[in-house]
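Subject: A structure for you to look at

Hello,

Here is the structure I promised to pass on. Please have it open while you read, and my notes follow below it.

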Amino acid sequence: MKTLKYFAFAFLATVALASCGDSATTATATNADSVAAASAAAATFKVDVAASELQWHGAKLAYGHTGVINITEGSLSVENGNITAGNFAVDMKSLKETGTEDADAAAKLAGHLTSPDFFDAEKFPTSKFEITGSTAAKTDSTTHTIKGNLTIKDQTKNIEFPANVVVEGTNLTAKASFSINRNDWGVTYGSGLSGAIGDKIISDNIDYKVSLKATKN
């Protein structure tokens, strides 16, 4: 069996994050933090789930797999140019591979990844990201550093990653790329930590790319 990865937002949701660079930042998982609440003065942007995308990528030695997971809902709150709150949810049962034209192989991989070996989507059908904090952090490719609680299966951890958020009138776009260590969320199948050796070892990292588009309510 091969791998998983490219979970990307974080939060999570997927409001159009405008280009964040090609390399994914490895996010350190820490204890869950208090979820941020928007003030009455904040503008709320609702994620357009049809126009947003969450990609994942995972690898095993010399080869890897890429796919998508459907974002089902999300919103971002903006005040004085900063992201003050937000969240999004994804449907783990919708996970699929897009990196191959072999439909049978893609279906087999998706079936394994959604099984109890990995994400156990039947028992834990929804993963979510809830913002706990945000700071302006402008570089050539990013505008903010986002912190939030990422919930996968029954584990919630706080992560931090750079994002590019652009607000133009009533439209918001956001993009982010980051990696997580799946062991932190109890997804240990095929990991060296689970006793796998040699070509049975699957990379611990899952890479995510989030591209969100949202409209002001």
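Which residue in strand 10 does Val167 stand opposite? The residue is Leu172. Before I go on, please keep in mind that this is a predicted model.

Let me start with the overall picture. The protein chain has 217 residues, and 47% of them are buried. Its accessible surface is about 9,900 Å², with 46% of that belonging to carbon and sulfur atoms. There are eleven strands and one helix, and the order along the sequence is β-β-β-β-β-β-α-β-β-β-β-β.

Now back to the strands around Val167. Strand 9 (residues 155-168) pairs with strand 10 (residues 171-181) in the antiparallel sense, over six bridges. These two strands form a hairpin with two residues between them, where Gly169 has a positive phi near 65°. Strand 9 also pairs with strand 8 (residues 144-152), again antiparallel, through nine bridges; here Ile146 has Phe161 as its bridge partner. That pair is a hairpin as well, with two residues between the strands, and Lys153 in its turn shows a positive phi of about 55°. Strand 2 (residues 30-31) is a further antiparallel partner of strand 9, joined to it by two bridges, and Asn31 is matched there with Lys157.

Another group of strands centres on strand 6 (82-97). Strand 5 (63-79) runs antiparallel to strand 6, and eleven bridges join the two. Ser75 and Asn87 are bridge partners in this pairing. In the hairpin that the two strands make, two residues lie between them and Asn80 takes a positive phi near 55°. Strand 6 is also joined to strand 7 (residues 126-136) by five bridges, in an antiparallel arrangement, with Asp91 partnered by Thr126.

Finally, the helix. Helix 1 spans residues 103-113, and its buried residues are Ala106, Leu109, Ala110, His112 and Leu113. Looking down the helix axis, these buried residues fall within an arc of 160°, so they line one face of helix 1. An α-helix has 3.6 residues a turn, so residues three or four places apart point the same way. What does the buried side of helix 1 pack against? Its buried residues pack against strand 4 (53-60), strand 5 and strand 6. Turned away from that side are the exposed residues Ala103, Asp104 and Lys108. At the start of helix 1, a side-chain oxygen of Asp102 comes within 3.2 Å of the backbone nitrogen of Asp104.

Enjoy exploring it!

Best wishes

Conventions. Residues are numbered from 1 along each chain as its sequence is written. This is a predicted model: local features need pLDDT of at least 70, side-chain atom pairs count only at pLDDT 80 or more; totals for chains, interfaces and linings use all residues. Side-chain values use heavy atoms; hydrogens and water are left out. Helices (H or I, at least four residues) and strands (E, at least two) are DSSP runs, numbered from the N terminus. Buried means under 20% relative accessible area, exposed over 50%, partly exposed in between (1.4 Å probe, protein chains only). Accessible areas come from the Shrake-Rupley method with a 1.4 Å probe; for residues, only the protein chains shown count as cover. The arc is that of the directions from the helix axis to the C-beta atoms. Contact means heavy atoms within 4.5 Å. A polar contact is a pair of N or O atoms within 3.5 Å; within protein, one must be able to donate a hydrogen and the other to accept it, and residues adjacent in sequence count only if both atoms are side-chain atoms. Two strands pair if DSSP finds at least two bridges between them.
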